[in-house]
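Reader: I'd like a close look at one part of this model. Keep it quick, and then follow the connections outward.

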Amino acid sequence: MTAFDVTIIGAGLAGLQCAKLLAGKGRTVLLVDRKSDLTKGIHTTGIFVRKTFEDFSFPAGTLGQPIRNVVLYSPCLRALPLESKQDEFRVGKMDVLYRSLLRECIDKGVEFSDSTRFVSVDKHRHENIVKLERTGRSFDVAAKVLIGADGAASAVARSLGLDENKEWIVGYEEVYRVRRSNAEPCLHCFLDSRLAPGYLAWIADDGEDIHIGVGGYPAGFKPREALKQFKEKVWGNFIGSRNAELIETRGGRIPVGGVLRRIANENGLLIGDAAGAVSPLTAGGLDPCLRLSAFAAKVVEKRLTTDDPATMLEFSGDVFRARFISRFWMRRIISACTNQALLELGCLVLRGRIGKKLAEHVFFGRGSFPDIELADVMRPNARVPSI
Ligand SMILES: Cc1cc2nc3c(=O)[nH]c(=O)nc-3n(C[C@H](O)[C@H](O)[C@H](O)COP(=O)(O)OP(=O)(O)OC[C@H]3O[C@@H](n4cnc5c(N)ncnc54)[C@H](O)[C@@H]3O)c2cc1C
């Protein structure tokens, strides 16, 4: 049986980032994903906020044009334009980014196993026996630490006996490649309790690609049907004249219950969506993927250096939860707005001076996920300090 310091399940942004950092420290890392090709079946829109592209350097060619303008629409399409003097958002070219990060991982010595499914884990104090399956063939590997980066419905969380996500919204979108690019890059957000119950509908237009999507709480929400109706409502005004070609559909669950409490034990830990590391307010999970993975890499590095499994318990969700209280409350308020007239009224308030300041704070503030001292781990030559 092959033995590794660390086995990471899931090669999304969280798993790739963590694998890269640990391999950079000279650790033996096995990274597995059930996909045969990481560039297929992408589920995220890929909007990175300013805080992320300021703090982390991205491989060349992986980010789209900067977006400075946001327009927030009421259910009756009354617009509240918000403009920043800085670049606020960039839509990631996620296929290029995943491919590029995987190449970096492999260059650093990560062993990658595609088309490989996590089945279960046998836990022992100083070692895990991780059971995997590749094209119908079962095999085991030994790993001192097992990391679950396997998304919102994490099988690793269940197998390790850690907390699991219980609250989520569902997002679904279509991606169009634009042939005629004359519009200023803009993020359009639509409040509509019928088309996007408890969340938003969106059009993210960076001049090259247009993502049009809806998100909402799953009870009674039919994302495909909602997107069809949303397109009927907005297509002519926003996309109709752009000669746009449908290139992809994306979708999936987004956990919005906040970082889970028990995200580590002596055998392993959770990162990314598996840990519930998504802003409960904005449902943005990409920035948290990078920051939590950096913190996880520090904890795992310490556990391997000291050979003390108890060190893993320093990776606790309680460190983060307290920082999310105001966002929890704002999520509660938004999810309670099930009435169109109430939403229309809320949008009217937002058009006032104080309301607009609040909206600007939500869209342009630098507060998506708590900093964990390691803002620049993705920069070239950056070192991962010990805790
Ligand atoms: C429609 C939609 C739009 C979104 N838009 C944005 C956005 O614009 N900005 C933003 O910040 N956030 C956004 N999010 C949230 C963000 O995409 C996620 O928080 C982030 O991608 C999570 O990354 P991850 O690496 O934790 O998980 P994932 O990207 O889900 O990766 C998990 C990986 O694990 C693999 N896997 C799962 N189970 C197994 C198994 N049993 N065995 C082996 N492999 C397995 C999967 O194949 C996958 O590759 C969006 C989410 C959705 C659904």
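In β7, which residue is the bridge partner of L63?

Author: That partner is G92.

First, the ground rules. The model is predicted: local features need pLDDT of at least 70, side-chain atom pairs count only at pLDDT 80 or more, and totals for chains, interfaces and linings use all residues. Numbering starts from 1 along each chain, as its sequence is written. Helices and strands are DSSP runs numbered from the N terminus (helices are H or I, at least four residues; strands are E, at least two).

Start with the strands around L63. β7 covers residues 89–92, and three bridges join β4 to it. The two run antiparallel. Strands count as paired if DSSP finds at least two bridges between them. β7 sits in an open sheet of three strands, in the order β3-β7-β4, with antiparallel pairing. Its edge strands are β3 (47–49) and β4 (63–67), each pairing on one side only. From one strand to the next, the twist averages 30 degrees.

Now the other sheet. This open sheet has seven strands, in the order β6-β5-β13-β14-β15-β12-β16, and its pairing is mixed. β6 (79–83) and β16 are the edge strands, pairing on one side only. Here the twist averages 15 degrees from strand to strand.

Take the β6 end. β5 (residues 69–73) runs antiparallel to β6, and five bridges join them. V71 faces P81 of β6. The two strands make a hairpin with five residues between them, and L77 in the turn has a positive phi of about 65 degrees.

Go to the β16 end. Eleven bridges join β12 to β16, again antiparallel. I169 stands opposite I254 in β16. Helix α5 (residues 223–238) lies across β12, β13 (186–190), β14 (201–205), β15 (209–216) and β16. It runs at about 135 degrees to β15. Axes are lines fitted to C-alpha atoms, for helices over the stretch in contact, and angles run from 0 to 180 degrees between N-to-C directions.

β12 and β16 lead to the ligand. The ligand has 37 residues around it, the closest being G10, G12, G171, G272 and G285. The elements giving two or more residues to that shell are α1 (13–24), β9 (116–123), β12 (168–178), β16 (244–255) and α6 (286–306). To count as near, a residue needs its C-beta atom, placed from the backbone, within 6 Å of the molecule. β16 gives the largest share, four residues. By class, the shell holds 14 nonpolar, 14 polar and nine charged residues. Ala, Val, Leu, Ile, Met, Phe, Trp, Tyr, Cys and Pro count as nonpolar; Asp, Glu, Lys and Arg as charged; the others, Gly among them, as polar.

Another shell contributor is β9. β9 pairs antiparallel with β10 (residues 128–134) over seven bridges. T116 stands opposite R134. Four residues separate the two strands in their hairpin. β10 then pairs antiparallel with β11 (residues 137–148), over seven bridges. K131 faces D140 there. That second hairpin has two residues between its strands, and T135 takes a positive phi near 40 degrees.

Last, the helices. Two packed helices are described by the angle between their axes and the distance between the axes. α1 packs on α6 at about 35 degrees, with the axes 8 Å apart. The crossing is right-handed. (The near helix is turned clockwise from the far one by less than a right angle; anticlockwise would be left-handed.) The contact includes L13, A14 and Q17 of α1, and L286, C289 and L290 of α6. Its residues divide into 13 nonpolar, two polar and one charged. Contact requires C-beta atoms, placed from the backbone, within 7 Å.

α1 also meets helix α3 (residues 94–107): their axes come within 9 Å and cross at roughly 20 degrees. That makes α1 roughly parallel to α3. (Under 35 degrees is roughly parallel, over 145 roughly antiparallel, 65 to 115 roughly perpendicular, and the rest oblique.) This crossing is left-handed. L16, A19, K20 and A23 of α1 meet Y98, L101, L102, E104 and C105 of α3. The residues of this contact split into seven nonpolar, no polar and two charged.

Methods:
Contact = placed C-beta atoms within 7 Å.
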